[in-house]
Each structure stands twice: as structure tokens, then as C-alpha cells.
Amino acid sequence: MNPLLTVSGLTVRFQLRDAVVAAVTGLDLTVRPGELLAVVGESGCGKSVLAHALLGLLPANAAVSGKALLTRAVGPPGPVDLLACGEKTLAREIRGRRIGLIPQSPATALTVVRRGRRLLAETLRAHRRDPGLADQVAREAGLDPADLERYPFELSGGMAQRLATALALAGEPPLLIADEPTGGLDRPLVDHTLDLLRRRCDDGAAVLLITHDLAAAERVADTVAVMYAGRIVEHRPARELFSAPAHPYSRGLLDALPDREFRAVAGHPPMLTALPRGCAFAARCDRVSGACAIQPAGPVACHHPLTTAEAPA
Ligand SMILES: Nc1ncnc2c1ncn2[C@@H]1O[C@H](COP(=O)(O)OP(=O)(O)OP(=O)(O)O)[C@@H](O)[C@H]1O
Ligand code: NI
């Protein structure tokens, strides 16, 4: 099936007073209808910046380049470039309609002083759906409809998370971007949320799941993109990545899982204001060589990828 979203060469720089933050660099990805793509990586690697760039939600000090082509439902033929179409198109056509966002910090996103029920009913109405569906959509998101009678500031972090999920589902967007949608949830609700995203895919939607929880990705993802220091370092079908990671960083992330070696990747990611010229992972990598002074390219961005024979047992 043709991709719904094709991102190529996405680069985001934040201008600070005396430095430039290289938050995302040369990022390529595609998401097809029915596909759940998980974007994983440590804190600060650029996952949320990727989501915000696609939705035109970056602050004024951001410079964005590249292309992000999204198939249109109606209107002029050909895809729309999310990075070039402008605020009016994003607000009218894209946000909530073509792309639903479950934000990473719903408690800060939900600043309005309206009860959940009114928020959800208004959102349903805005998408020409029956506002009477509020209870059903809340339940789908794992939220007790009784909690719709509360104001956002009366909600716990986990409840706000589920209300934000319900609001994102309300427009039935063909692409859902879920940025750490399981934050603040306990295990059964984590699984509920993941399974709900999976179901959306099985019904034909595309989902971009941003998470640092590898176990979550393993549970539901079709494909996984591993991000490190603003770049995708490995992008593979989930089954392959989890059985035989090729990038040493992917291997390190998998080793950190509780049911594997439970050993975190040693060291820290580099400063995004002072990235090395070559491989950004080299300083933490036990396979490093002189070749790593040159930026590696390809679907596995590594000069010394692991072979399947080196896969964890
Ligand atoms: N407005 C901004 N100005 C300068 N730097 C920024 C800005 N927004 C984000 N950054 C930087 O960009 C980098 C990527 O941030 P991002 O929020 O995408 O990380 P993340 O992968 O989502 O991490 P987390 O898992 O903690 O949510 C970080 O180093 C962050 O400090
Ligand atoms: Ni984030």
C-alpha cells in the first residue's frame, strides 16, 4: 500500500543565543495505512520535536527543512507538504482531522476551563460526529465516562492522558501520532492504550507511536525506527529488530529490557549543540573504529553492524 506519510530529510535546528541545537537531522520515514510505526530512543533524542514539526507546533526559534508529504482526503490532487503548507491549512485541514495528536504532557495541553464532557462533545461536533458518542469514545480511551464530569485540573495525570487520547480519537484521523501515550498509566491501562492503538491500525489508520518503552513497541509495532541524537539509526520491521538488532545502540536498548540483561546503555548521549562530525554513538560504542569518524548512512547507520549470528539468544 502507498504510504500515507512520507518524511524525507527532516531537519530541525533551534537557535539559542550562543548555540544551535541539532534536534533532528536528515530524518526519513514512511507510514502506511494499517501500519504502527514505533519511534524509540532515549530522552532528548528528538522524538517529540519530530511530532511537533509534522504538526507545525514548533516554537519560533526553530528552523525546519525537508519534506513531509501527507496524502489528502479531499481538495487539490497530490499530497500536502506539512512543512510548507502554512498555519491556515494545518489548522483547518490537518490537526485533529488528518492527524490526531496525543500530546506527551496532556496536563499542560489541557489548560481550558471546560469539563471533559463539553470538550469531547465540542470536538466530536467539530468533526461532524454525534456529540452523544462522548461516553463511547471515553470508554474506548480507557476513561470512565463519569470522569468526563470533571474539569481538566481535577484530573490525575493518568486521567488527563486518557482524556487527551479520547480527544485525539474523536476526529477518527487516518494518522494518529501518540507521543508517550502511556505516561502516568499503570500496567493494565498501558496495555489498554497500546491495544487501542493497535486496533486503530487494524481498522486502517496509521499510527506513529513515540515511546521510550521498548516493551510497548514490541507489543504492538509493525515497524520500529530507533532514534539517536536526532537521527534514525535503524529502521526495520519490529520482528527483525527485536530478534536481531543490527545497530549497537539498538542492541544496547534491548539489553536494557527487564526480561533481557536489564543493563542500561553505559554513558550519555552527546550534547546536541556540539555533535561530533562522525557517528554520534561512537563515544559509547564498544565496536568503534577509525571508520566511525565518518557519518554512517543507510537503513542501519553503522560502520560495524551486528550480524544475525551476534543476535541475543
Ligand atoms: N524550543 C527549544 N529550544 C531549544 N531546544 C529545544 C527546544 N525544544 C526541544 N529542544 C531540544 O531538542 C532535543 C530533543 O527534544 P525532544 O523533546 O524531541 O526529546 P524527546 O526524544 O521527545 O525526549 P523525551 O523522551 O524526554 O520526551 C532536546 O535536547 C531538547 O532540549
Ligand atoms: Ni518527548
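# Notebook: loops, sheets and a ligand shell

I started with R128, which has its place in the loop between helix 4 (116-126) and helix 5 (134-140). Helices here are DSSP runs of H or I with at least four residues, strands are runs of E with at least two, and both are numbered from the N terminus. What I have open is a predicted model, where local features need pLDDT of at least 70 and side-chain atom pairs count only at pLDDT 80 or more, while totals for chains, interfaces and linings use all residues. Residues are numbered from 1 along each chain as its sequence is written, and chains are lettered from A and ligands numbered from 1 in the order in which they are written.

**Entry: two odd backbones.** R128 caught my eye for its positive phi of about 55°, although it is not a glycine. I checked its surroundings and found 7 other C-beta atoms within 10 Å, so R128 is exposed. My cut-offs: buried means 20 or more other C-beta atoms within 10 Å of a residue's own, exposed means 12 or fewer, partly exposed is in between, and C-beta atoms are placed from the backbone. E180 also has a positive phi without being a glycine, at about 50°. I found E180 in the loop between strand 7 and helix 7 (187-202). Is E180 buried or exposed? It counts as buried, because it has 21 C-beta neighbours inside 10 Å.

**Entry: strand 7.** Next I went to the strand before that loop, strand 7 (residues 175-179). Five of its five residues are buried, so the rest of the structure largely encloses it. In a regular strand the side chains alternate between the two faces of the sheet. I saw L175, I177 and D179 pointing one way and L176 and A178 the other way, all of them buried. Which way does strand 7 run beside strand 6 (residues 99-102)? The two pair in the parallel sense over four bridges, and I noted L101 opposite I177. Two strands pair, by the rule I used, if DSSP finds at least two bridges between them. Strand 8 (residues 206-211) also runs parallel to strand 7, joined by five bridges, with A206 opposite L175.

**Entry: the open sheet.** I then traced an open sheet of four strands, in the order 2-1-4-5 with antiparallel pairing. Strand 2 and strand 5 (80-81) are its edges, each pairing on one side only. Helix 1 packs on this sheet and touches strand 1, strand 2 and strand 4, its direction making about 70° with that of strand 2. The axes are lines fitted to C-alpha atoms, for helices over the stretch in contact, with angles from 0 to 180 degrees between N-to-C directions; contact means C-beta atoms, placed from the backbone, within 7 Å.

Inside the sheet, I counted off the pairs:
- Strand 1 (residues 5-15) is joined to strand 2 by eight bridges, and V7 has L29 as its bridge partner.
- These two strands form a hairpin with four residues between them.
- Strand 1 is joined to strand 4 (residues 62-70) by eight bridges, with T11 opposite S65.
- Strand 4 pairs with strand 5 over two bridges, and D81 is the bridge partner of L69.

**Entry: ligand 1.** How many residues surround ligand 1? I got 15, and the closest are F14, S43, K47, S48 and V49. A residue is near if its C-beta atom, placed from the backbone, lies within 6 Å. Strand 2 (20-31) and helix 1 (47-54) each supply at least two residues of the shell, and helix 1 gives the most, with three. I sorted the shell into seven nonpolar, seven polar and one charged residue. For that, Ala, Val, Leu, Ile, Met, Phe, Trp, Tyr, Cys and Pro count as nonpolar, Asp, Glu, Lys and Arg as charged, and the others, Gly among them, as polar.

**Entry: the core.** The largest nonpolar core has 94 residues, and L120, A166, L197, V207, L209 and V226 touch the most other members. Helix 6 (residues 157-170) gives the most to this core, with nine residues. Such a core is a set of buried Ala, Val, Leu, Ile, Met, Phe, Trp, Tyr and Cys residues joined through C-beta atoms within 7 Å. I looked past the neighbours of A166 within four places in sequence and found contacts with L120, V137, A138, A141 and L143.

**Entry: helix 10.** Last, I checked helix 10 (residues 248-255), where seven of the eight residues are buried. Among them are P248, Y249 and R251. What covers the buried residues includes strand 3 (36-40), helix 8 (214-220) and strand 9 (223-228).

Key: Contact = placed C-beta atoms within 7 Å.
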